[in-house]
Amino acid sequence: MAGFTIEYPGTLAEALSLLDPDDPSVRPVGGGTALMLMMKSQLFHPKRLVSLSRLKDPMTGCRDDGDHIRIGAMATLSQLEHSPLIAAEFPVVCAAMATLANVRVRNVATVGGNLAHGDPHLDLPPIWAALGAEAIIDGPSGPRHVKVADLFHGYYETDVADGELITEIRVPRRPGWRATYRKVTTRAIHDWPALGVTLAARFDDDRIADIRIVLSAAVDIPQRLTGAEEVLRGQRPDAALLARAGDAAAAEAPMEHDSRGSVDYKAHLLKVHILRGMNEIGKG
Ligand SMILES: Cc1cc2nc3c(=O)[nH]c(=O)nc-3n(C[C@H](O)[C@H](O)[C@H](O)COP(=O)(O)OP(=O)(O)OC[C@H]3O[C@@H](n4cnc5c(N)ncnc54)[C@H](O)[C@@H]3O)c2cc1C
C-alpha cells in the first residue's frame with residue numbers, strides 16, 4: 001500500500017479545512033469499514049485521510065429535536081441499534097440491525113459513512129429514504145440539506161462532493177406511520193441482498209392513507225416505486241389490490257440481472273415481499 005498521512009482534527013471547521021475539493025485522494029474516514037477494504041483491494045489510494053473520530057456535537061449521538069430526530073454522522077450503527085429514542089420512533093431501523101453485518105462492523109461503522117459510501121446494497125439508505133430523512137452536508141459553501149431520497153446519483157456516486165462532509169441526518173417524526181424493511185438474500189444469509197424493499201405507510205382505519213415504497217439492491221440507487229404507491233394510496237388492502245401493486249412495482253423498477261438473480265426472479269421476489277410487507281404493517 002502506498003504511503004499516506006492521517007489527520008485527527010478536533011473541530012468540524014478544522015476537518016473541512018483538511019479536505020480538498022479538488023483532490024479525491026483526500027478523504028474523510030468514519031468507521032473505516034468500507035474505506036479500508038477499498039484500500040486493501042487497491043481500489044483506492046489515499047494521499048491524506050481525515051479521521052472524524054474526534055469530532056463532537058453535532059457529529060455524534062441521537063437527539064430529540066421536536067418534530068425531528070437528529071442523528072450525528074459519527075453515531076455508530078450499534079448506537080442506533082441500542083438507542084431507546086430510535087427504538088421508540090423508528091423501530092424499523094433497529095430491526096434492520098439484526099441482519100446488518102455483524103457486531104464488530106456495527107460497533108465502528110457510522111451513519112455518515114454508511115450514507116456517503118453510496119453502495120446500493122446497504123440496508124439503511126433505503127430505510128432513511130422511506131422515512132423522509134434528509135442529510136445535512138457541510139463544506140466550503142456552507143451547510144445544505146439534501147433528502148436522502150435525492151442523495152444518490154449512481155453506483156457509488158452521491159451528492160456529497162470532495163471537500164464536503166455529512167454532519168448529521170434529520171429524520172421527521174411520523175406519528176401513525178408503520179414501516180418494515182425486507183432484506184432478501186438469495187445465497188448465504190450474510191451475502192449482499194438480491195433485493196431490499198422498504199414499505200412505510202399510514203393507515204386511516206383500514207385504508208392506506210399514505211405510503212412510500214423504496215426498492216434497493218436490485219437497482220443502482222434506492223428507488224421510490226411511485227406507481228405501486230399510487231395503486232395502494234387511499235385503498236383498502238386485499239389480495240387483489242396487493243397483487244396489482246406488485247405488478248406495478250415490477251413494471252416500473254429498473255432492476256438488473258446479476259449473480260444474485262435474473263430480472264424475472266427479482267420481479268417475483270418484489271411482488272412476494274410487497275404482499276408480505278403490507279400484510280405485516282397492515283396488522284399494526
Ligand atoms: C464484513 C462486512 C459486512 C457488511 N455487511 C453489511 C450488511 O449486511 N448490510 C449493510 O448495509 N452494510 C454492510 N456492510 C457495509 C457497512 O455498512 C459499511 O462499510 C459502513 O456502513 C460504512 O461506514 P463507515 O463509517 O465504516 O464508512 P467509511 O469506511 O469510513 O467511509 C465510507 C465512505 O464514506 C466517506 N465518508 C465517511 N464518513 C463521511 C462523512 N461523515 N461525510 C462524508 N463522507 C464520509 C469515506 O470517505 C468513504 O468514501 C458490511 C461491511 C463489512 C466490512
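This report covers two pockets, one helix pair and two backbone features of a predicted model.

**Pockets**

The largest pocket holds about 1300 Å³ of space. Its lining counts 49 residues. Nearest the centre of the largest pocket lie Thr-33, Ala-34, Leu-35, Gly-113 and His-117. Five elements each supply at least two lining residues: β2 (26-29), α2 (33-40), α7 (111-116), β9 (157-158) and β10 (165-172). Helix α2 gives the largest share of this lining, 5 residues.

The second largest pocket has a volume of about 220 Å³. Its lining includes Pro-91, Val-92, Ala-95 and Ala-96, along with Thr-99. Ala-179, Thr-180, Tyr-181 and Lys-183 also line the second largest pocket, as do Thr-185, Ile-189 and Glu-280. Here α5 (91-96) and β11 (177-184) are the elements that give two or more residues.

The table sets out volume and lining class for each pocket.

| Pocket | Volume | Nonpolar | Polar | Charged |
|---|---|---|---|---|
| Largest pocket | about 1300 Å³ | 26 residues | 15 residues | 8 residues |
| Second largest pocket | about 220 Å³ | 7 residues | 3 residues | 2 residues |

**Helix pair α10 and α11**

Helix α10 spans residues 239-252, and helix α11 spans residues 263-282. Their axes come within 9 Å and cross at roughly 140°. That angle makes α10 oblique to α11, because only angles over 145 degrees count as roughly antiparallel. The crossing of the two helices is right-handed.

Which residues of α10 meet α11? They are Leu-242, Gly-246, Asp-247, Ala-249 and Ala-250. On the α11 side, the contact is made by Ala-267, Leu-270, Lys-271, Ile-274, Leu-275, Met-278 and Asn-279. By class, the residues of this contact are 8 nonpolar, 2 polar and 2 charged. Asp-247 in α10 and Lys-271 in α11 are both among the contact residues.

**Backbone features**

Two loops deserve a look. The loop between β3 (48-51) and β4 (62-65) contains Pro-58. A cis peptide bond joins Asp-57 to Pro-58, with omega about 5°.

Gln-42 sits in the loop between α2 and β3. Phi of Gln-42 is near 65°, a positive value in a residue other than glycine. The helix before that loop, α2, is also the element with the largest share of the lining of the largest pocket.

Conventions
Residues are numbered from 1 along each chain as its sequence is written. This is a predicted model: local features need pLDDT of at least 70, side-chain atom pairs count only at pLDDT 80 or more; totals for chains, interfaces and linings use all residues. Side-chain values use heavy atoms; hydrogens and water are left out. Axes are lines fitted to C-alpha atoms, for helices over the stretch in contact, and angles run from 0 to 180 degrees between N-to-C directions. Helices (H or I, at least four residues) and strands (E, at least two) are DSSP runs, numbered from the N terminus. Angles under 35 degrees count as roughly parallel, over 145 as roughly antiparallel, 65 to 115 as roughly perpendicular and the rest as oblique. A crossing is left-handed if the near helix is turned anticlockwise from the far one by less than a right angle, and right-handed if clockwise. Contact means heavy atoms within 4.5 Å. Ala, Val, Leu, Ile, Met, Phe, Trp, Tyr, Cys and Pro count as nonpolar, Asp, Glu, Lys and Arg as charged, and the others, Gly among them, as polar. On a 1 Å grid over the protein atoms alone, a cavity is a set of points where a 1.4 Å probe fits but cannot get out, and a pocket is an open set with protein on both sides within 12 Å along at least five of seven lines; lining residues have an atom within 4 Å of a point. Grid points are joined across faces, edges and corners, and a volume is the space filled by probe spheres set on the points.
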